[in-house]
Amino acid sequence: MQPYSTTTTDTLDPEVHFQAKVDAEIRIEPKDWMPEAYRKTLIRQISQHAHSEIVGMLPEGNWITRAPSLRRKQILLAKVQDEGGHGLYLYAAAETLGVGRDQLLADLHSGKAKYSSIFNYPTLNWADIGAIGWLVDGAAIMNQIPLCRCSYGPYARAMQRICKEESFHQRQGFELLLSLSRGTEAQKAMAQDAINRWYWPSVMMFGPSDNDSAHSAQSMKWKIKRFSNDELRQRFVDMIAEQIKTLGLVVPDPELKWNEARGHYDFGPINWDEFWNVVNGNGPCNRQRLRARVDAYDKGAWVREAAAAYAEKRKQ
Ligand code: BYC
């Protein structure tokens, strides 16, 4: 932390004053002055994050009616509801930056705003629910714990709550895969198949490599991001390479190998063509996911109208 004094910085131009606060780890709050580009970056990132949460409900929601036991169904229902809640905290955080929720959703529905690439892959068997919890939520936690220290107060506070729930999500996924890996040969094969399909897309979730990351340098200067995409990706690979040993399964990367000198696992090349293809709308489920969100919004019109009418009545 660097020293910060309002008296010494009061006379400076607002941008210098702002950066001095960020450098001194003083949180920026909605009514504080902030550069327009900082506000726009936050709206972009927080809204994309919120969209990821609610689009992320779809692949898992697909399995609620087919969960193999009441216990599994309860866990999955709770998890999917949590993701909806995360979306709400994050939309509320984005709204503190002066943008309306209708606008944010319109940008999602028109394809202007992105959401995480990972949710454009299909959930083909029950083990996918375990793989999502362990790998996808595992990647999400790795990326989100540092966001609890983001310079923007409302985002940081939303992330603290979200991270607590994400850790339950990851554990339930691991526990599901552990049960399958100790089951019949067919169950073990199902778990391995799910890991084979979800591992690389989870590694890609961290975004482009640092050299190709357009926003990282500025976002790190503003302390929105605390670690680069590649740093977090390496931590994730290291964590999974160890945890998979307990499952007795394998990571689908023949080049994964402990590197004593680096103190990290080396790993094989990432298929960036696949990543950009999915980000640009051409993944296996992009169209289906967007259609489902637009349909849900249209079908929910009567709820919004009823809530508005009720609020109006109470005002009178
Ligand atoms: N997918 O300069 P970069 C969850 C885009 S939900 C799609 O590195 P930045 C969960 C990026 O937006 C988890 N697009 O960007 C929910 C940018 O394009 P634009 C979601 C991606 O922002 C339900 C361009 O590539 N988590 O956990 O500095 C069930 C250049 O990238 C992706 C968050 O959203 C991607 N994977 O860094 C289970 C976390 N990666 O905007 C689980 C918050 C990059 O210029 N977000 N792009 O058009 C972040 O931490 C950062 O935004 C990122 C990207 C690390 C994702």
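Here are some questions and answers about two helices, a pocket and a cavity in this predicted model.

Reader: At roughly what angle do the axes of helix H6 and helix H13 cross?

Author: Find H6 at residues 101–109 and H13 at residues 286–299. Their axes come within 10 Å of each other, and the crossing angle is roughly 145 degrees.

Reader: OK, so which residues of H13 make that contact?

Author: On the H6 side you'll see Asp-102, Leu-105, Leu-108 and His-109. By class, the whole contact has 5 nonpolar, 1 polar and 2 charged residues. The H13 side is made up of Leu-290, Arg-293, Val-294 and Tyr-297.

Reader: Which helix gives the largest share of the lining of the second largest pocket?

Author: This pocket has a volume of about 340 Å³, and 13 residues line it. Closest to its centre are Ile-54, Leu-88, Leu-105, Arg-293 and Tyr-297. Helices H5 (70–95), H6 and H13 each give two or more residues to the lining. The largest share is 4 residues, and it comes from H5.

Reader: And how many residues of that pocket lining are charged?

Author: Split the lining of the second largest pocket by class: 7 residues are nonpolar and 2 are polar. The charged ones number 4.

Reader: What about cavities: which helix gives the most to the lining of the largest cavity?

Author: The search finds 1 cavity of 30 Å³ or more, and the largest cavity has a volume of about 40 Å³. Its lining is Arg-72, Ile-75, Leu-76, Trp-126, Ile-129, Gln-172 and Leu-176. Both H5 and helix H8 (153–181) supply at least two of these residues. The top contributor, with 3 residues, is H5.

Methods: Residues numbered from 1 in each chain as written. Predicted model: local features only at pLDDT ≥ 70, side-chain atom pairs only at ≥ 80, totals over all residues. Heavy atoms only, no water. Axes fitted to C-alpha atoms, helices over the stretch in contact; angles between N-to-C directions. Contact = heavy atoms within 4.5 Å. Nonpolar A, V, L, I, M, F, W, Y, C, P; charged D, E, K, R; others polar. 1 Å grid on protein atoms, 1.4 Å probe; cavity = no way out; pocket = protein on both sides within 12 Å on 5 of 7 lines; lining within 4 Å. Points joined across faces, edges and corners; volume = space filled by probe spheres on them.
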